[in-house]
Amino acid sequence: MAIPITVLDCDLLLYGRGHRTLDRFKLDDVTDEYLMSMYGFPRQFIYYLVELLGASLSRPTQRSRAISPETQILAALGFYTSGSFQTRMGDAIGISQASMSRCVANVTEALVERASQFIHFPADEAAMQSLKDEFYGLAGMPGVIGVVDCIHVAIKAPNAEDLSYVNRKGLHSLNCLVVCDIRGALMSVETSWPGSLQDCAVLQQSSISSQFQTGIHKDSWLLGDSSFFLRTWLMTPLHVPETPAEYRYNRAHSATHSVMEKTLQTLCSRFRCLDGSKGALQYSPEKSSHIILACCVLHNISLEHGMDVWSSPVTGPIEQPPEGEYEQMESLDLEADRMRQELMLTHFS
């Protein structure tokens with residue numbers, strides 16, 4: 001379905017005559033199916049975003065004040081979910097591709113400003129205990145309050161000399177650290193780490209590592225795969241299980257960690273600007289990291305609005321590093337090893 005709206009002059013849209021608001025596109029004029037196919041979200045979700053971000057997108061200091069918050073949000077959602085500034089997307093809402101780019105920048109910053117509102121660990125002990133109980137009910141792994149992993153998002157090369165963003169595949173990327181709960185909600189996200197850093201180095205330098213090392217989450221731990229070091233607050237699988245208890249521990253670990261795999265699949269399937277299918281993000285590392293974070297905020301908001309991560313379509317498995325790359329990742333942390341042995345003895349023997 002196409003909506004025949006003439007693409008107006010970019011400068012008129014951005015600066016306006018007397019700063020009037022452009023309201024040529026009306027949500028009520030299109031079907032729910034159209035909104036889902038073009039922008040990836042239903043009508044009520046978009047209305048919620050207009051209410052949430054409207055004040056930020058209408059500030060007189062912003063250049064695109066002449067474009068309504070509703071139109072700016074649709075432009076941004078169109079980019080996030082398709083991964084490109086398609087001409088038909090701009091035609092549909094009556095703006096040029098240049099204006100779409102500015103709308104994406106405005107909406108991205110408005111979402112980033114609200115990241116802490118939607119991405120956080122449970123605030124009280126009761127909620128934290130409930131989280132442990134839910135994880136335990138999944139596969140019998142006790143004490144778990146989150147699953148951690150990293151995902152690379154391709155970006156354009158910052159410059160020819162800067163190799164810090166070149167990952168193991170020789171591509172430029174950001175290595176993003178993510179912690180999720182059992183529903184797939186993101187509780188911690190760090191999106192600015194350069195792609196050359198290994199996952200274990202990213203976690204070691206992260207704010208989440210500092211939080212756990214201070215003992216803020218006592219008697220609790222995260223679950224991570226073999227790309228991370230074993231820590232007293234991070235349980236990893238055994239590389240070579242030998243006893244029945246070790247095999248049972250690894251199976252429970254794998255079943256619990258699958259929550260993260262599904263979460264990352266859903267995130268990249270819903271926000272195609274992250275999966276590289278339309279090419280790398282054509283922005284600086286800083287702007288790219290903000291776009292990734294904005295998509296993570298939208299992911300959590302969508303869960304709050306009943307868009308279940310488990311019912312979302314996925315495009316395929318997240319690619320994992322080759323076997324053997326993590327052969328030397330076992331930690332020498334003796335206390336962490338003792339805790340893991342005790343865990344297996346108590347719960348998996």
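These questions and answers cover confidence, one helix pair and one cavity in a predicted model.

Residues are numbered from 1 along each chain as its sequence is written. Local features need pLDDT of at least 70 and side-chain atom pairs count only at pLDDT 80 or more, while totals for chains, interfaces and linings use all residues; side-chain values use heavy atoms, with hydrogens and water left out.

Reader: In which element of the chain is confidence lowest?
Author: pLDDT is the predictor's confidence in each residue, from 0 to 100, and its mean over the chain is 85. Elements are DSSP runs numbered from the N terminus: helices (H or I, at least four residues) and strands (E, at least two). Confidence is highest in strand 2, at 98, and lowest, at a mean of 39, in helix 1 (residues 10–15).

Reader: How are helix 11 and helix 13 oriented to each other?
Author: The axes, lines fitted to C-alpha atoms over the stretch in contact (heavy atoms within 4.5 Å), come within 9 Å and cross at roughly 100°. Angles run from 0 to 180 degrees between N-to-C directions, and 65 to 115 counts as roughly perpendicular. The two helices are therefore roughly perpendicular.

Reader: What is the volume of the largest cavity?
Author: A cavity is a set of points on a 1 Å grid over the protein atoms alone where a 1.4 Å probe fits but cannot get out. The search of the whole structure finds 1 cavity of 30 Å³ or more. Volume is the space filled by probe spheres set on the points, joined across faces, edges and corners, and for the largest cavity this is about 50 Å³.

How values were computed: Parallel < 35°, antiparallel > 145°, perpendicular 65-115°, else oblique. 1 Å grid on protein atoms, 1.4 Å probe; cavity = no way out; pocket = protein on both sides within 12 Å on 5 of 7 lines; lining within 4 Å.
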